[in-house]
Amino acid sequence: MPSTFELPTRFGTAGYGGCYAPETLMMPLMELEAALRAALADPTFEAELKTELRVFVGRPTPLTPAPRLAAALGFRQVLLKREDLSHTGAHKINNALAQALLARRMGKAEIIAETGAGQHGVATAAACARLGLKCTVYMGVTDMARQAPNVARMRLFGAEVVGVEAGQGTLKEAVNEALRAWAGRCDAAHYILGSALGPHPFPTLVRTFQTVIGEEARRQALDLTGNLPEAVIACAGGGSNGLGLLVPFLKDPLRRIAVEAGGHGEGLGEHAARVSGGRAGVLHGCKTLLLQDEEGRTAETASISAGLDYPALGPELAALASDHMVEVWRASDEEALLGAQHLCQLEGILPALESSHALAMLPRLAQEGIGTVLLGLSGRGDKDLATYQARLGI
């Protein structure tokens, strides 16, 4: 963590971000910002977090060469940043653990969280079990059905999982309910938001605790090869994984690519591609790129991946895309399935469906003449095994 730290309220030339929150949440948000500033300036907090990331999470995670995948697609080298090997199986634990430590520092004994694919919920439940905090996770019933193993893991870790039946029963509705619950219990509870979105200071807070991914990957690439890759690529839902990998490479002369969920079609309600299909709007406390209908109502989304099935992009990632600092591509459900198959059969690694969207774009990168690429493997695919079985006829 940097010794001097800025907490921007807005990002980029479009001014994405901000704090569009109800009055009941303004004091808790101000309290959170003050606590974050104090923690980041405290060597004791930094030392405790680094220790927990090492002994509990298993950091640093490896940077794994994938030579057979590289040869099959025409690359000189493919490097995989293995967040799938961190405790609980995805990158979400980095932020969840850090925020749980911050909550304990603030004197909050209860944690509220939302989850889509379940990985943030599992990570939060594990962190709360580690630190002795009460945990309640809100999850859409659609996501609970397609991510049943993660629901069981959360409950085994002692968390209460509350099913949300409103709307599509996915991440957007889970965030709605979690924010409502926090507004009613903010004196005693802290809300651990899992994505780099929401009202200030959440976007910067989450990104800060996730950039450990890219910082490690950058050092590891230089140690392993002596050079930086020509391209860095990651999937992007809310943005915690994409920003965590890409931000530490912003000053480097290479291509930075985030991959959204192209779903199964081009129309509203058939995908979750916010950059190519959305426009500026406000959702869950921040101004960002948002999928909307002609009347400005938040559109439904569709993706084979529960973790990418969200109608808005985190404001900092939206700003980086709008200011041409990051390229944003989209991969369809079918392309993601094919990308997963390639990694499974060529390298013996089962990726999460979220990560598979980045894997799906490797052939395009190879066709564009990229020789070396570093890909963020955001999580493992155990949670998605039933979907893989059904869609691939296994």
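Helices of at least four residues and strands of at least two are DSSP runs, numbered from the N terminus. In this predicted model, that numbering serves to locate the enclosed spaces, the nonpolar cores and several backbone features.

The enclosed spaces come first. Rolling a probe the size of a water molecule over the atoms shows where empty space is left. The count comes to 2 cavities of 30 Å³ or more, and the largest cavity has a volume of about 280 Å³. Its lining comprises 28 residues, of which His91, Lys92, Ala117, Gly307 and Glu354 are the closest to the centre. Strand β5 (110-115) and the helices α5 (119-131) and α11 (240-246) each supply at least two residues of this lining. The most is given by α11, with 3 residues. In composition, the lining of the largest cavity divides into 17 polar, 7 nonpolar and 4 charged residues.

Glu354, one of the residues closest to the centre of the largest cavity, is also a buried residue of α15. This helix, residues 353-360, is mostly covered, with 8 of its 8 residues buried. Besides Glu354, the buried residues of α15 include Ser355, Ser356 and His357, as well as Leu353 and Leu359.

The second largest cavity holds about 30 Å³ of space. Its lining is formed by Pro28, Glu31, Met106, Lys108, Trp182, Cys186, Ala189 and His190. Helix α1 (23-40) and strand β8 (189-192) each supply at least two of the lining residues. The lining of this second cavity divides into 5 nonpolar, 1 polar and 2 charged residues.

Cys186, which lines the second largest cavity, leads to the matter of disulfides. A disulfide is a covalent bond between the sulfur atoms of two cysteines. The structure holds 0 disulfides. For Cys186, the closest cysteine sulfur is that of Cys19, at 13 Å, and is therefore too far for a bond. Cys186 is buried, with a relative accessible area of 12%. Cys235 is likewise in no disulfide, and its nearest cysteine sulfur, in Cys344, is 15 Å away. With a relative accessibility of 3%, Cys235 counts as buried.

Among the open spaces, the second largest pocket has a volume of about 150 Å³. Helix α8 (residues 171-185) gives the most to its lining, with 4 residues. The lining residues include Tyr20, Asn176, Arg180, Pro199 and His284. They divide into 7 nonpolar, 3 polar and 1 charged.

His284 also has a notable backbone: its phi is positive, about 50 degrees, although the residue is not a glycine. His284 lies in the loop between β11 (279-283) and β12 (286-290), and counts as buried because its relative accessibility is 9%, under the 20% limit. A positive phi, near 60 degrees, is found also in His324, again a residue other than glycine. His324 is placed in the loop between α13 (315-322) and β13 (327-332). At 72% relative accessibility, His324 counts as exposed.

Two cis peptide bonds can be described alongside these residues. One joins Arg59 and Pro60, with omega about 0 degrees, and Pro60 lies in the loop between α2 (43-57) and β3 (63-65). The other runs from His200 to Pro201, with omega near 15 degrees, and Pro201 is found in the loop between β8 and α9 (202-210).

The packing of the interior remains. In soluble globular proteins, nonpolar side chains tend to be buried together. The largest nonpolar core contains 91 residues, of which Leu102, Met154, Trp182, Tyr191 and Leu374 touch the most other members. Helix α4 (residues 92-106) gives the most to this core, with 9 residues. Leu374 touches residues including Leu63, Leu79, Ala217, Val232, Leu245 and Phe249, not counting residues up to four places away in sequence. Apart from the largest core lies another, of 27 residues, among them Ile233, Leu343, Leu346 and Val373.

Phe249 is touched by Leu374 and is also among the contacts of Leu228, together with Arg218, Leu222, Asp252, Leu254 and Thr372, not counting residues up to four places away in sequence. Leu228 sits in the loop between α10 (212-225) and β9 (231-235). At 25% relative accessibility, Leu228 counts as partly exposed. Its C-alpha atom is separated by 41 Å from that of Thr142, a residue 86 places away along the chain.

Technical notes:
Residues numbered from 1 in each chain as written. Predicted model: local features only at pLDDT ≥ 70, side-chain atom pairs only at ≥ 80, totals over all residues. Heavy atoms only, no water. Disulfide = S-S within 2.5 Å. Buried < 20%, exposed > 50% of the residue type's maximum accessible area, 1.4 Å probe, protein only. 1 Å grid on protein atoms, 1.4 Å probe; cavity = no way out; pocket = protein on both sides within 12 Å on 5 of 7 lines; lining within 4 Å. Points joined across faces, edges and corners; volume = space filled by probe spheres on them. Nonpolar A, V, L, I, M, F, W, Y, C, P; charged D, E, K, R; others polar. Core = buried A, V, L, I, M, F, W, Y, C linked by side-chain atoms within 4.5 Å. Contact = heavy atoms within 4.5 Å.
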